[in-house]
Amino acid sequence: QYLFKGGPDMSANIQILTLDGPIYYDDGPGSYFRWMLKKLYGMTEKANRPKAVILRVNSPGGTVGATEELFQAVRHLQVNGIRVVALMEDVAASGGLYVSMAADCVIAHAGTITGSIGVIMEGTDYSAIMDFLGIKTNVIKSGKFKDIFSGTRPMTNEEHAQLQETIMSVYQQFLEMVAKERRMPIAKVKKFADGRVMSGMQAYKLKLVDGIGGLASAVEVAAKLGKISKNKIKTKFVRRKGWGGGCWCKAKANFLALIPNAKLSGIPLFMMPKFNK
């Protein structure tokens, strides 16, 4: 009954923030990523800072650097005495899972889609089409790997091996983070860290999440962690003005659905396979 009592002021002792959509650096005027960082860091600067934050996660993943930066932003809350509960909702996979691991407690719905622990990098080879059309490309480069993701020619075995080494380095970082945050041996994490997706209930059985529940459960846990008595709980949904209240507009969301085949092609991603609605 206390979920929607938070008023427009900043005196709420539990603030609810939503991480919505693919995670990637975007410096445009409508940057959702920058808005998220501003809110996460800004919560520690206000006189009436909350005692706890609930981070609702609806993300299939994203680029490695941006994901790690959001992870550190959540850590910043904790360093400043603000407890964090991650609530995995529809999808909290790969990079979405990565950010969730920074929380003090992780809750998921039984049917949440999560997991997808891994790293992917891909590009498109359209050299056969160019050969068919008789199109040739002249390349001048400073080193043999400089055009490693060129679509105008097939990738060599040496190039593939070099990229595989890079991917495995980032993957190892992912493994070590999950093992550390969930207090598991890396060997145990490896058994399910093969890119597979799983339900929230499966993740709970694997001890990737701490409990099964929804927003009401997250508020109760946040109150307990923040040492807030039940009759003093005051929540506030932190929403973004415009852009659908914190979500991308449909046109931008449809474009981002092409990831990783469009804007982010060739960049290491914490990204789960695309599901058709």
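Which helix does Arg75 lie in? Arg75 lies in helix H2, and that helix is a handy place to start looking around. Keep in mind that this is a predicted model. From H2 we can move on to its helix partners, then to the salt bridges, a nonpolar patch on the surface, a couple of backbone oddities and a pair of residues from far-apart stretches of the chain.

**Helix H2 and its partners**

- Helix packing comes down to two numbers: the angle between the axes of the two helices and the distance between those axes.
- Take H1 first, which covers residues 32-42. It packs with H2 at an angle of about 15 degrees, and the axes of H1 and H2 are 9 Å apart.
- Angles under 35 degrees count as roughly parallel, so H1 and H2 fit that description.
- If you look at how H1 and H2 cross, the crossing is left-handed.
- H2 itself spans residues 64-79, and it also packs with helix H5, residues 157-181. Here the angle is about 20 degrees and the axes are 12 Å apart.
- That angle makes H2 roughly parallel to H5 as well.
- The crossing of H2 and H5 is left-handed too.
- Back to Arg75 in H2: its relative accessibility is 22%, so it counts as partly exposed.
- Arg75 also has a distant acquaintance in Tyr41: the two are 34 residues apart in sequence, yet their C-alpha atoms are 9.9 Å apart in space.

**Salt bridges**

- How many salt bridges does the model have? The count comes to nine, and a few of them are worth a visit.
- One of them pairs Asp104 with Arg83, with 3.4 Å between the closest N and O atoms. This pair links distant parts of the chain, since the two residues are 21 residues apart.
- Asp104 sits in the loop between helix H3 (95-100) and strand S5 (105-108), while Arg83 belongs to strand S4 (residues 83-93).
- Both ends of that bridge are partly exposed: Asp104 has a relative accessibility of 32%, and Arg83 has 31%.
- Another bridge brings together the side chains of Glu158 and Lys144, at 2.7 Å from N to O. Glu158 is in helix H5 and Lys144 is in the loop between H4 and H5, so this pair ties together parts that are 14 residues apart in sequence.
- Glu158 is partly exposed, with a relative accessible area of 45%.
- Asp147 and Arg153 also meet through their side chains, in a salt bridge of 2.9 Å, N to O.
- Is Asp147 buried or exposed? With a relative accessible area of 13%, Asp147 is buried, whereas Arg153 is partly exposed at 22%.
- Asp147 and Arg153 aren't on their own, either: salt bridges with shared partners join them with Lys141 and Glu159 into one network.

**A nonpolar patch on the surface**

- Which residues make up the nonpolar surface patch? Tyr126, Ile129, Phe132, Leu133 and Ile135 do, and together they make a patch of about 580 Å².
- Phe132 is a good one to pick out, and you'll find it in helix H4, residues 127-133.
- The relative accessible area of Phe132 is 73%, so this residue is exposed.

**Two unusual backbone angles**

- Most residues other than glycine have a negative phi. That makes the next two stand out a little.
- Ser116 has a phi near 55 degrees, a positive value in a residue other than glycine. Its place is the loop between strand S6 (113-115) and H4.
- Arg183 also has a positive phi, near 55 degrees, and isn't a glycine either. Look for Arg183 in the loop between H5 and helix H6 (186-190).
- Their surroundings contrast: Ser116 is buried, with a relative accessible area of 4%, but Arg183 is exposed, with 75%.

**Far apart in sequence**

- Where is Phe270? Phe270 is in strand S10, residues 269-271.
- Phe270 counts as buried, at just 1% relative accessibility.
- Phe270 and Gly61 are 209 residues apart in sequence, but 5.1 Å apart in space from C-alpha to C-alpha.

Key: Residues are numbered from 1 along each chain as its sequence is written. This is a predicted model: local features need pLDDT of at least 70, side-chain atom pairs count only at pLDDT 80 or more; totals for chains, interfaces and linings use all residues. Side-chain values use heavy atoms; hydrogens and water are left out. Patches are made of residues with over 30% relative accessible area and no salt bridge: like charges are joined within 9 Å, nonpolar side chains (Val, Leu, Ile, Met, Phe, Trp, Tyr) within 5 Å. Accessible areas come from the Shrake-Rupley method with a 1.4 Å probe; for residues, only the protein chains shown count as cover. A salt bridge is a side-chain nitrogen of Lys or Arg within 4 Å of a carboxyl oxygen of Asp or Glu. Helices (H or I, at least four residues) and strands (E, at least two) are DSSP runs, numbered from the N terminus. Buried means under 20% relative accessible area, exposed over 50%, partly exposed in between (1.4 Å probe, protein chains only). Axes are lines fitted to C-alpha atoms, for helices over the stretch in contact, and angles run from 0 to 180 degrees between N-to-C directions. Angles under 35 degrees count as roughly parallel, over 145 as roughly antiparallel, 65 to 115 as roughly perpendicular and the rest as oblique. A crossing is left-handed if the near helix is turned anticlockwise from the far one by less than a right angle, and right-handed if clockwise.
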